[in-house]
Amino acid sequence: MFKTFQTYKLLFIRLILIVATIELSIYFFKNGFVFTGVFGLFIVFLMIREMFFYVRNFVLIYNKTISSILQDDFSSDFSKHKFNTNYSDLFLLYDTLKSKQNEQISKDIIYRSILNNIETGIIILQKQDNDWNIFLMNDYFSTHFNVPKVSKWKYLKNQLPSLCEIIEEDNFQEIKTSIEISINEQNNQTFVLQASRTEIFEQDYFIVLLDSIQNVVEKKEKEAWANLMKVISHELLNSITPIRSICQNLQDLVEQDSMSDEDLEDVKNSVTTMLRRSDHLQKFVEGYRKLAMLPSPKKEKIELQHLIDTCLQVMNPLFKEKNIEVINNIAFKRFINVDSQQIEQVLINLLTNSFHALKDTLQKQILISAEAKENRIFIKITDTGNGIEKEIENKIFLPFFTTRPEGAGIGLTLSKNIIEAHGGYISHKNEDGKTTFEISLIED
(Lines give C-alpha, C1' and ligand atoms only; values in the text may rest on other atoms or scores of the structure.)
Protein backbone atom coordinates (compact mmCIF):
# COMPACT_ATOMS: atom_id res chain seq x y z
CA MET A 1 0.00 0.00 0.00
CA PHE A 2 2.92 2.37 0.53
CA LYS A 3 6.59 2.51 -0.25
CA THR A 4 7.51 -0.07 2.39
CA PHE A 5 11.20 -0.41 1.54
CA GLN A 6 11.76 3.36 1.40
CA THR A 7 10.03 3.85 4.75
CA TYR A 8 12.08 1.13 6.44
CA LYS A 9 15.22 2.60 4.88
CA LEU A 10 14.52 6.05 6.35
CA LEU A 11 13.81 4.54 9.79
CA PHE A 12 17.01 2.47 9.62
CA ILE A 13 19.10 5.54 8.73
CA ARG A 14 17.59 7.46 11.65
CA LEU A 15 18.41 4.63 14.05
CA ILE A 16 22.00 4.40 12.78
CA LEU A 17 22.45 8.17 13.21
CA ILE A 18 21.05 8.03 16.76
CA VAL A 19 23.31 5.11 17.74
CA ALA A 20 26.32 6.79 16.12
CA THR A 21 25.60 10.08 17.94
CA ILE A 22 25.27 8.24 21.27
CA GLU A 23 28.62 6.51 20.66
CA LEU A 24 30.27 9.86 19.87
CA SER A 25 28.76 11.45 23.00
CA ILE A 26 30.13 8.59 25.16
CA TYR A 27 33.50 8.96 23.46
CA PHE A 28 33.58 12.72 24.25
CA PHE A 29 32.65 12.07 27.88
CA LYS A 30 35.48 9.53 28.25
CA ASN A 31 38.00 11.99 26.83
CA GLY A 32 36.91 14.84 29.03
CA PHE A 33 34.92 16.80 26.50
CA VAL A 34 31.92 17.11 28.78
CA PHE A 35 30.31 20.05 27.03
CA THR A 36 30.64 18.35 23.61
CA GLY A 37 29.21 15.12 25.08
CA VAL A 38 26.22 16.98 26.54
CA PHE A 39 25.64 18.67 23.18
CA GLY A 40 25.77 15.25 21.49
CA LEU A 41 23.15 13.88 23.89
CA PHE A 42 20.96 16.91 23.13
CA ILE A 43 21.26 16.08 19.42
CA VAL A 44 20.30 12.49 20.23
CA PHE A 45 17.20 13.79 22.07
CA LEU A 46 16.24 15.92 19.08
CA MET A 47 16.74 13.00 16.67
CA ILE A 48 14.65 10.64 18.86
CA ARG A 49 11.93 13.29 19.10
CA GLU A 50 11.97 13.77 15.30
CA MET A 51 11.77 10.00 14.72
CA PHE A 52 8.90 9.73 17.22
CA PHE A 53 6.86 12.37 15.37
CA TYR A 54 7.80 10.82 12.01
CA VAL A 55 6.54 7.39 13.07
CA ARG A 56 3.51 8.87 14.83
CA ASN A 57 2.47 10.89 11.75
CA PHE A 58 2.98 7.88 9.54
CA VAL A 59 0.84 5.65 11.79
CA LEU A 60 -1.85 8.34 12.20
CA ILE A 61 -2.17 8.93 8.45
CA TYR A 62 -2.17 5.19 7.76
CA ASN A 63 -4.80 4.50 10.47
CA LYS A 64 -6.97 7.43 9.37
CA THR A 65 -6.91 6.32 5.74
CA ILE A 66 -7.64 2.67 6.55
CA SER A 67 -10.44 3.66 8.96
CA SER A 68 -12.01 5.86 6.27
CA ILE A 69 -11.90 2.99 3.79
CA LEU A 70 -13.36 0.47 6.26
CA GLN A 71 -16.17 2.86 7.25
CA ASP A 72 -16.90 3.93 3.65
CA ASP A 73 -16.16 7.51 4.66
CA PHE A 74 -14.38 9.24 1.77
CA SER A 75 -14.83 12.80 3.00
CA SER A 76 -11.28 13.13 4.40
CA ASP A 77 -8.87 15.48 2.64
CA PHE A 78 -5.30 14.23 2.22
CA SER A 79 -4.25 16.85 -0.32
CA LYS A 80 -1.51 18.30 1.93
CA HIS A 81 0.16 14.87 2.05
CA LYS A 82 -0.11 14.19 -1.68
CA PHE A 83 3.51 15.17 -2.35
CA ASN A 84 4.87 12.71 0.20
CA THR A 85 5.91 9.72 -1.90
CA ASN A 86 5.83 7.46 1.15
CA TYR A 87 2.02 7.48 0.99
CA SER A 88 1.51 7.44 -2.79
CA ASP A 89 0.23 3.84 -2.99
CA LEU A 90 -1.96 4.33 0.07
CA PHE A 91 -3.57 7.45 -1.37
CA LEU A 92 -3.93 5.75 -4.77
CA LEU A 93 -5.91 2.96 -3.09
CA TYR A 94 -8.01 5.56 -1.25
CA ASP A 95 -8.77 7.53 -4.43
CA THR A 96 -9.57 4.36 -6.38
CA LEU A 97 -12.06 3.15 -3.76
CA LYS A 98 -13.52 6.66 -3.47
CA SER A 99 -14.06 6.75 -7.24
CA LYS A 100 -15.71 3.32 -7.18
CA GLN A 101 -17.98 4.37 -4.34
CA ASN A 102 -19.03 7.54 -6.21
CA GLU A 103 -19.71 5.45 -9.30
CA GLN A 104 -21.79 2.99 -7.27
CA ILE A 105 -23.75 5.83 -5.64
CA SER A 106 -24.48 7.30 -9.10
CA LYS A 107 -25.71 3.90 -10.32
CA ASP A 108 -27.90 3.48 -7.22
CA ILE A 109 -29.47 6.91 -7.80
CA ILE A 110 -30.18 6.03 -11.45
CA TYR A 111 -31.62 2.59 -10.56
CA ARG A 112 -33.81 4.05 -7.84
CA SER A 113 -34.98 6.80 -10.21
CA ILE A 114 -35.93 4.16 -12.79
CA LEU A 115 -37.77 2.05 -10.20
CA ASN A 116 -39.57 5.12 -8.86
CA ASN A 117 -40.85 6.00 -12.35
CA ILE A 118 -42.22 2.53 -13.12
CA GLU A 119 -46.00 2.22 -12.80
CA THR A 120 -45.67 -1.04 -10.91
CA GLY A 121 -45.57 -1.43 -7.14
CA ILE A 122 -42.12 -2.71 -6.13
CA ILE A 123 -40.74 -3.63 -2.72
CA ILE A 124 -37.44 -5.40 -2.09
CA LEU A 125 -36.90 -7.12 1.25
CA GLN A 126 -33.53 -7.99 2.75
CA LYS A 127 -33.14 -10.74 5.33
CA GLN A 128 -31.15 -9.92 8.44
CA ASP A 129 -30.85 -12.72 11.00
CA ASN A 130 -34.42 -14.09 11.18
CA ASP A 131 -36.18 -10.84 10.28
CA TRP A 132 -36.94 -9.13 6.98
CA ASN A 133 -36.21 -5.46 6.49
CA ILE A 134 -37.47 -3.31 3.62
CA PHE A 135 -34.45 -2.62 1.43
CA LEU A 136 -36.41 -0.55 -1.14
CA MET A 137 -39.98 0.61 -1.71
CA ASN A 138 -40.62 2.57 -4.89
CA ASP A 139 -42.74 5.74 -5.03
CA TYR A 140 -45.58 4.06 -6.94
CA PHE A 141 -46.03 1.42 -4.20
CA SER A 142 -45.92 4.01 -1.43
CA THR A 143 -48.30 6.44 -3.16
CA HIS A 144 -50.74 3.93 -4.70
CA PHE A 145 -51.22 1.90 -1.53
CA ASN A 146 -50.93 4.92 0.78
CA VAL A 147 -48.09 3.31 2.72
CA PRO A 148 -45.24 5.32 4.30
CA LYS A 149 -41.72 4.20 3.39
CA VAL A 150 -41.21 2.05 6.46
CA SER A 151 -38.05 0.02 7.08
CA LYS A 152 -39.44 -3.00 8.94
CA TRP A 153 -41.61 -5.85 7.69
CA LYS A 154 -43.84 -5.71 10.79
CA TYR A 155 -44.73 -2.09 10.03
CA LEU A 156 -45.70 -2.97 6.45
CA LYS A 157 -47.77 -5.86 7.76
CA ASN A 158 -49.84 -3.39 9.80
CA GLN A 159 -50.51 -1.37 6.64
CA LEU A 160 -51.16 -4.16 4.10
CA PRO A 161 -52.07 -7.34 6.01
CA SER A 162 -53.68 -9.10 3.02
CA LEU A 163 -50.47 -8.87 0.98
CA CYS A 164 -48.11 -9.78 3.81
CA GLU A 165 -50.17 -12.79 4.90
CA ILE A 166 -49.97 -14.34 1.43
CA ILE A 167 -46.20 -13.85 1.35
CA GLU A 168 -45.77 -15.34 4.83
CA GLU A 169 -48.01 -18.32 4.01
CA ASP A 170 -45.63 -19.23 1.18
CA ASN A 171 -42.66 -18.68 3.51
CA PHE A 172 -41.17 -15.92 1.34
CA GLN A 173 -40.82 -18.20 -1.67
CA GLU A 174 -41.62 -17.62 -5.36
CA ILE A 175 -45.26 -16.57 -5.91
CA LYS A 176 -47.38 -15.75 -8.94
CA THR A 177 -51.04 -15.16 -8.19
CA SER A 178 -53.79 -12.54 -8.05
CA ILE A 179 -54.75 -10.63 -4.91
CA GLU A 180 -57.45 -8.18 -3.93
CA ILE A 181 -56.32 -5.10 -1.99
CA SER A 182 -58.47 -2.26 -0.68
CA ILE A 183 -57.08 1.12 -1.76
CA ASN A 184 -57.83 4.16 0.41
CA GLU A 185 -60.74 2.34 2.09
CA GLN A 186 -62.50 2.04 -1.27
CA ASN A 187 -63.64 -1.05 -3.17
CA ASN A 188 -61.13 -3.85 -3.51
CA GLN A 189 -58.93 -3.81 -6.60
CA THR A 190 -57.34 -6.89 -8.16
CA PHE A 191 -53.57 -7.00 -8.61
CA VAL A 192 -51.18 -9.47 -10.15
CA LEU A 193 -48.66 -10.48 -7.48
CA GLN A 194 -45.26 -11.77 -8.59
CA ALA A 195 -42.53 -12.49 -6.06
CA SER A 196 -39.11 -14.09 -6.31
CA ARG A 197 -36.23 -14.77 -3.96
CA THR A 198 -32.55 -14.40 -4.76
CA GLU A 199 -29.20 -14.46 -2.99
CA ILE A 200 -26.47 -11.96 -3.87
CA PHE A 201 -23.09 -11.99 -2.12
CA GLU A 202 -24.55 -14.08 0.72
CA GLN A 203 -27.37 -11.54 1.18
CA ASP A 204 -30.91 -12.88 0.92
CA TYR A 205 -33.38 -10.68 -1.01
CA PHE A 206 -37.11 -11.06 -1.71
CA ILE A 207 -38.56 -9.01 -4.61
CA VAL A 208 -42.30 -8.27 -4.79
CA LEU A 209 -44.06 -6.80 -7.85
CA LEU A 210 -47.70 -5.67 -7.86
CA ASP A 211 -49.48 -4.78 -11.12
CA SER A 212 -53.06 -3.53 -11.26
CA ILE A 213 -54.99 -5.80 -13.64
CA GLN A 214 -57.14 -2.82 -14.61
CA ASN A 215 -54.03 -0.81 -15.55
CA VAL A 216 -52.61 -3.73 -17.55
CA VAL A 217 -55.87 -4.22 -19.44
CA GLU A 218 -56.27 -0.50 -20.12
CA LYS A 219 -52.70 -0.26 -21.38
CA LYS A 220 -53.19 -3.22 -23.74
CA GLU A 221 -56.52 -1.78 -24.94
CA LYS A 222 -54.89 1.59 -25.69
CA GLU A 223 -52.08 -0.10 -27.61
CA ALA A 224 -54.60 -2.18 -29.58
CA TRP A 225 -56.74 0.84 -30.42
CA ALA A 226 -53.68 2.86 -31.43
CA ASN A 227 -52.50 0.11 -33.78
CA LEU A 228 -56.02 -0.33 -35.19
CA MET A 229 -56.48 3.39 -35.81
CA LYS A 230 -53.12 3.59 -37.58
CA VAL A 231 -54.16 0.81 -39.96
CA ILE A 232 -57.67 2.19 -40.55
CA SER A 233 -56.44 5.76 -41.15
CA HIS A 234 -53.75 4.45 -43.49
CA GLU A 235 -56.24 2.43 -45.56
CA LEU A 236 -58.82 5.22 -45.64
CA LEU A 237 -56.30 7.84 -46.75
CA ASN A 238 -54.92 5.50 -49.43
CA SER A 239 -58.40 5.37 -50.99
CA ILE A 240 -59.90 8.77 -50.17
CA THR A 241 -56.92 10.83 -51.37
CA PRO A 242 -56.92 9.52 -54.99
CA ILE A 243 -60.75 9.56 -55.10
CA ARG A 244 -60.79 13.23 -54.07
CA SER A 245 -58.16 14.05 -56.68
CA ILE A 246 -60.19 12.26 -59.37
CA CYS A 247 -63.38 14.06 -58.31
CA GLN A 248 -61.59 17.40 -58.62
CA ASN A 249 -60.45 16.44 -62.10
CA LEU A 250 -63.97 15.37 -63.09
CA GLN A 251 -65.38 18.64 -61.79
CA ASP A 252 -63.01 20.55 -64.02
CA LEU A 253 -64.02 18.43 -67.03
CA VAL A 254 -67.80 18.78 -66.58
CA GLU A 255 -67.53 22.55 -66.20
CA GLN A 256 -66.20 22.81 -69.75
CA ASP A 257 -68.60 23.96 -72.51
CA SER A 258 -67.78 20.98 -74.68
CA MET A 259 -66.05 17.65 -74.07
CA SER A 260 -63.61 16.07 -76.49
CA ASP A 261 -63.16 12.34 -77.04
CA GLU A 262 -59.94 12.54 -75.00
CA ASP A 263 -61.81 14.19 -72.11
CA LEU A 264 -64.53 11.55 -72.31
CA GLU A 265 -61.86 8.84 -72.08
CA ASP A 266 -60.46 10.56 -68.99
CA VAL A 267 -63.91 10.52 -67.41
CA LYS A 268 -64.28 6.79 -68.07
CA ASN A 269 -60.83 6.05 -66.60
CA SER A 270 -61.58 8.19 -63.58
CA VAL A 271 -64.86 6.42 -62.89
CA THR A 272 -63.15 3.02 -63.26
CA THR A 273 -60.46 4.06 -60.79
CA MET A 274 -63.03 5.29 -58.27
CA LEU A 275 -64.94 2.03 -58.54
CA ARG A 276 -61.73 0.06 -57.97
CA ARG A 277 -60.80 2.08 -54.89
CA SER A 278 -64.36 1.83 -53.60
CA ASP A 279 -64.23 -1.96 -54.00
CA HIS A 280 -60.98 -1.97 -52.03
CA LEU A 281 -62.59 0.04 -49.24
CA GLN A 282 -65.58 -2.29 -49.22
CA LYS A 283 -63.30 -5.33 -48.89
CA PHE A 284 -61.42 -3.61 -46.08
CA VAL A 285 -64.66 -2.91 -44.17
CA GLU A 286 -65.85 -6.47 -44.82
CA GLY A 287 -62.60 -7.77 -43.36
CA TYR A 288 -63.07 -5.65 -40.26
CA ARG A 289 -66.66 -6.88 -39.93
CA LYS A 290 -65.47 -10.50 -40.05
CA LEU A 291 -63.05 -9.84 -37.21
CA ALA A 292 -65.53 -7.87 -35.12
CA MET A 293 -68.50 -10.22 -35.63
CA LEU A 294 -66.87 -13.66 -35.46
CA PRO A 295 -69.65 -16.12 -34.47
CA SER A 296 -69.19 -18.52 -31.58
CA PRO A 297 -67.90 -21.91 -32.74
CA LYS A 298 -70.50 -24.63 -33.33
CA LYS A 299 -68.48 -27.63 -32.27
CA GLU A 300 -68.90 -31.16 -33.55
CA LYS A 301 -66.78 -34.31 -33.57
CA ILE A 302 -64.76 -34.62 -36.76
CA GLU A 303 -61.75 -36.71 -37.71
CA LEU A 304 -58.58 -34.66 -37.94
CA GLN A 305 -57.29 -36.45 -41.04
CA HIS A 306 -60.57 -35.84 -42.86
CA LEU A 307 -60.35 -32.13 -41.98
CA ILE A 308 -56.81 -31.92 -43.38
CA ASP A 309 -57.75 -33.80 -46.57
CA THR A 310 -60.67 -31.43 -47.19
CA CYS A 311 -58.37 -28.40 -46.97
CA LEU A 312 -55.77 -30.01 -49.23
CA GLN A 313 -58.41 -30.71 -51.89
CA VAL A 314 -59.15 -26.98 -51.97
CA MET A 315 -55.48 -25.99 -52.21
CA ASN A 316 -54.07 -28.80 -54.38
CA PRO A 317 -54.73 -27.11 -57.77
CA LEU A 318 -52.60 -24.13 -56.68
CA PHE A 319 -49.88 -26.39 -55.28
CA LYS A 320 -49.67 -28.42 -58.48
CA GLU A 321 -49.52 -25.29 -60.61
CA LYS A 322 -46.43 -24.06 -58.71
CA ASN A 323 -44.88 -27.54 -58.26
CA ILE A 324 -45.17 -27.42 -54.48
CA GLU A 325 -44.73 -30.74 -52.70
CA VAL A 326 -47.09 -31.32 -49.77
CA ILE A 327 -46.16 -34.03 -47.25
CA ASN A 328 -48.90 -35.09 -44.85
CA ASN A 329 -47.31 -36.97 -41.95
CA ILE A 330 -50.47 -37.37 -39.89
CA ALA A 331 -50.73 -41.12 -39.44
CA PHE A 332 -53.01 -41.57 -36.42
CA LYS A 333 -56.81 -41.31 -36.38
CA ARG A 334 -58.09 -38.73 -33.95
CA PHE A 335 -61.45 -37.05 -33.53
CA ILE A 336 -61.46 -33.42 -32.44
CA ASN A 337 -64.39 -31.35 -31.17
CA VAL A 338 -64.33 -28.15 -33.25
CA ASP A 339 -66.31 -25.95 -35.61
CA SER A 340 -65.19 -27.65 -38.82
CA GLN A 341 -65.87 -24.65 -41.09
CA GLN A 342 -63.90 -22.26 -38.88
CA ILE A 343 -60.94 -24.63 -38.44
CA GLU A 344 -60.93 -25.29 -42.21
CA GLN A 345 -60.69 -21.52 -42.70
CA VAL A 346 -57.68 -21.40 -40.35
CA LEU A 347 -55.90 -24.29 -42.10
CA ILE A 348 -56.56 -22.80 -45.55
CA ASN A 349 -55.22 -19.41 -44.36
CA LEU A 350 -52.01 -21.04 -43.11
CA LEU A 351 -51.60 -23.13 -46.28
CA THR A 352 -52.16 -19.98 -48.36
CA ASN A 353 -49.42 -18.18 -46.40
CA SER A 354 -47.06 -21.11 -47.05
CA PHE A 355 -47.98 -21.01 -50.74
CA HIS A 356 -46.95 -17.34 -51.00
CA ALA A 357 -43.84 -17.90 -48.87
CA LEU A 358 -42.58 -20.50 -51.38
CA LYS A 359 -43.00 -18.17 -54.35
CA ASP A 360 -39.31 -17.32 -54.83
CA THR A 361 -37.67 -20.45 -53.39
CA LEU A 362 -36.04 -23.42 -55.12
CA GLN A 363 -37.11 -26.07 -52.62
CA LYS A 364 -40.91 -25.85 -52.52
CA GLN A 365 -42.18 -28.09 -49.75
CA ILE A 366 -44.96 -27.99 -47.16
CA LEU A 367 -44.98 -30.46 -44.26
CA ILE A 368 -48.13 -31.14 -42.22
CA SER A 369 -47.85 -33.03 -38.92
CA ALA A 370 -49.74 -33.50 -35.66
CA GLU A 371 -49.27 -34.97 -32.23
CA ALA A 372 -51.39 -35.54 -29.14
CA LYS A 373 -50.00 -34.90 -25.66
CA GLU A 374 -51.12 -33.54 -22.32
CA ASN A 375 -54.80 -33.50 -23.33
CA ARG A 376 -54.05 -31.32 -26.37
CA ILE A 377 -53.81 -31.76 -30.13
CA PHE A 378 -50.92 -29.93 -31.83
CA ILE A 379 -51.17 -29.33 -35.58
CA LYS A 380 -48.03 -28.06 -37.35
CA ILE A 381 -47.72 -26.61 -40.86
CA THR A 382 -44.09 -26.09 -41.93
CA ASP A 383 -42.78 -24.60 -45.19
CA THR A 384 -39.30 -24.16 -46.64
CA GLY A 385 -39.90 -20.52 -47.55
CA ASN A 386 -37.77 -17.50 -46.69
CA GLY A 387 -39.19 -17.22 -43.18
CA ILE A 388 -40.58 -14.25 -41.31
CA GLU A 389 -38.26 -11.29 -40.83
CA LYS A 390 -37.31 -10.46 -37.25
CA GLU A 391 -38.59 -6.90 -37.62
CA ILE A 392 -42.18 -7.99 -38.29
CA GLU A 393 -42.46 -11.13 -36.14
CA ASN A 394 -44.49 -9.32 -33.47
CA LYS A 395 -46.82 -7.73 -36.05
CA ILE A 396 -48.02 -10.68 -38.11
CA PHE A 397 -51.15 -11.21 -36.00
CA LEU A 398 -52.13 -7.51 -36.03
CA PRO A 399 -55.34 -6.69 -37.95
CA PHE A 400 -54.76 -5.65 -41.58
CA PHE A 401 -50.98 -6.03 -41.37
CA THR A 402 -49.65 -7.62 -44.56
CA THR A 403 -46.45 -7.74 -46.59
CA ARG A 404 -48.22 -8.65 -49.83
CA PRO A 405 -49.57 -5.85 -52.07
CA GLU A 406 -52.69 -7.88 -52.80
CA GLY A 407 -53.15 -9.09 -49.22
CA ALA A 408 -55.96 -7.93 -46.93
CA GLY A 409 -54.06 -8.55 -43.69
CA ILE A 410 -56.86 -10.36 -41.86
CA GLY A 411 -55.96 -14.02 -42.48
CA LEU A 412 -53.69 -14.58 -39.50
CA THR A 413 -55.71 -12.27 -37.23
CA LEU A 414 -58.91 -14.14 -38.07
CA SER A 415 -57.12 -17.48 -37.58
CA LYS A 416 -55.85 -16.40 -34.17
CA ASN A 417 -59.32 -15.26 -33.10
CA ILE A 418 -60.89 -18.54 -34.24
CA ILE A 419 -58.34 -20.70 -32.41
CA GLU A 420 -58.65 -18.64 -29.23
CA ALA A 421 -62.47 -18.92 -29.45
CA HIS A 422 -61.88 -22.70 -29.37
CA GLY A 423 -59.81 -22.33 -26.17
CA GLY A 424 -56.48 -22.89 -27.92
CA TYR A 425 -53.63 -20.82 -29.26
CA ILE A 426 -51.58 -20.39 -32.43
CA SER A 427 -47.86 -19.64 -32.55
CA HIS A 428 -44.98 -19.57 -35.02
CA LYS A 429 -41.22 -20.11 -35.06
CA ASN A 430 -38.32 -20.05 -37.51
CA GLU A 431 -35.91 -23.00 -37.35
CA ASP A 432 -33.23 -24.21 -39.75
CA GLY A 433 -34.53 -22.04 -42.59
CA LYS A 434 -38.10 -23.28 -42.12
CA THR A 435 -41.20 -21.51 -40.81
CA THR A 436 -43.64 -23.46 -38.63
CA PHE A 437 -47.12 -22.41 -37.52
CA GLU A 438 -48.48 -24.51 -34.66
CA ILE A 439 -52.12 -24.80 -33.66
CA SER A 440 -52.89 -26.07 -30.17
CA LEU A 441 -56.42 -27.27 -29.43
CA ILE A 442 -57.83 -28.74 -26.21
CA GLU A 443 -58.83 -32.37 -26.68
CA ASP A 444 -62.34 -32.75 -25.25
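Trainee: How much of the chain counts as buried, and what makes a residue buried?

Mentor: In this predicted model, 32% of the 444 residues of the chain count as buried. A residue is called buried because its relative accessible area is under 20%. The accessible surface of the chain comes to about 28600 Å², and 54% of that surface belongs to carbon and sulfur atoms.

Trainee: Which helices and strands are there to place these residues in, and how many of each?

Mentor: The chain has 11 helices and 12 strands. Among contacts with a separation of 6 or more, 57% join residues 24 or more positions apart.

Trainee: Why is F172 called buried or exposed?

Mentor: F172 has a relative accessibility of 9%. The limit for buried is under 20%, so F172 counts as buried. F172 is found in the loop between α6 (161–169) and β3 (175–182).

Trainee: What makes the phi of F172 worth noting?

Mentor: Phi of F172 is near 55°, a positive value in a residue other than glycine. N146 also has a phi near 55°, and N146 too is a residue other than glycine. N146 lies in the loop between α4 (139–144) and α5 (153–159).

Trainee: Why is N146 called buried or exposed?

Mentor: The relative accessibility of N146 is 52%. Exposed means over 50%, and therefore N146 counts as exposed.

Trainee: How do you know whether T120 is buried or exposed?

Mentor: T120 reaches 12% relative accessibility. With a limit of under 20% for buried, the conclusion is that T120 counts as buried. T120 lies in the loop between α3 (88–116) and β1 (121–128). Apart from neighbours within four places in sequence, T120 is in contact with N138, Y140, L209, L210 and D211.

Trainee: Why is V192 placed in the class it has?

Mentor: V192 has 26% relative accessibility. Partly exposed covers what lies between the limits of 20% and 50%, so V192 counts as partly exposed. V192 has its place in strand β4 (residues 188–200).

Trainee: Which residues does V192 touch?

Mentor: Not counting residues up to four places away in sequence, V192 touches T177, L209, L210, D211 and I213. The C-alpha atoms of V192 and S178 are separated by 4.5 Å, and these two residues are 14 residues apart along the chain.

Trainee: What makes Q128 partly exposed?

Mentor: Its relative accessible area is 38%. That value lies between the limits of 20% and 50%, so Q128 is partly exposed. Q128 is found in strand β1. The C-alpha atoms of Q128 and Y205 are separated by 9.7 Å, with their positions 77 residues apart along the chain.

Trainee: What makes a set of residues a nonpolar core, and which members of the largest one touch the most others?

Mentor: A set is called a nonpolar core because its buried residues are joined through side-chain atoms within 4.5 Å. The largest nonpolar core has 37 residues, and L347, L351 and I439 touch the most other members. The elements that give two or more residues to this core are α9, β8 (335–338), α10, β9 (365–373), β10 (376–383), α11 (411–421) and β12 (434–442). A second, separate core of 25 residues includes I123, V147, L163 and I175. In soluble globular proteins, nonpolar side chains tend to be buried together.

Trainee: Which residues is I439 in contact with?

Mentor: Leaving aside neighbours within four places in sequence, I439 is in contact with V346, L347, L350, I377, F378, I379, I419, Y425 and I426. I419 is one of the buried residues of α11, together with L412, T413, L414, S415 and I418. Just after α11, G423 takes a positive phi of about 85°.

Trainee: How many cavities of 30 Å³ or more does the structure hold, and what makes a space a cavity?

Mentor: The structure holds two cavities of 30 Å³ or more. A space is called a cavity because a 1.4 Å probe fits there but cannot get out. The second largest cavity has a volume of about 30 Å³. I308, C311, L347, L351, I368 and I381 line the second largest cavity. Two elements, α9 (304–321) and α10 (340–357), give two or more residues to this lining.

Trainee: What classes of residue make up that lining?

Mentor: The lining of the second largest cavity has six nonpolar, no polar and no charged residues. Ile, Cys and Leu count as nonpolar, so the lining residues I308, C311, L347, L351, I368 and I381 belong to that class.

Terms used: Residues are numbered from 1 along each chain as its sequence is written. This is a predicted model: local features need pLDDT of at least 70, side-chain atom pairs count only at pLDDT 80 or more; totals for chains, interfaces and linings use all residues. Side-chain values use heavy atoms; hydrogens and water are left out. On a 1 Å grid over the protein atoms alone, a cavity is a set of points where a 1.4 Å probe fits but cannot get out, and a pocket is an open set with protein on both sides within 12 Å along at least five of seven lines; lining residues have an atom within 4 Å of a point. Grid points are joined across faces, edges and corners, and a volume is the space filled by probe spheres set on the points. Helices (H or I, at least four residues) and strands (E, at least two) are DSSP runs, numbered from the N terminus. Buried means under 20% relative accessible area, exposed over 50%, partly exposed in between (1.4 Å probe, protein chains only). Contact means heavy atoms within 4.5 Å. Accessible areas come from the Shrake-Rupley method with a 1.4 Å probe; for residues, only the protein chains shown count as cover.
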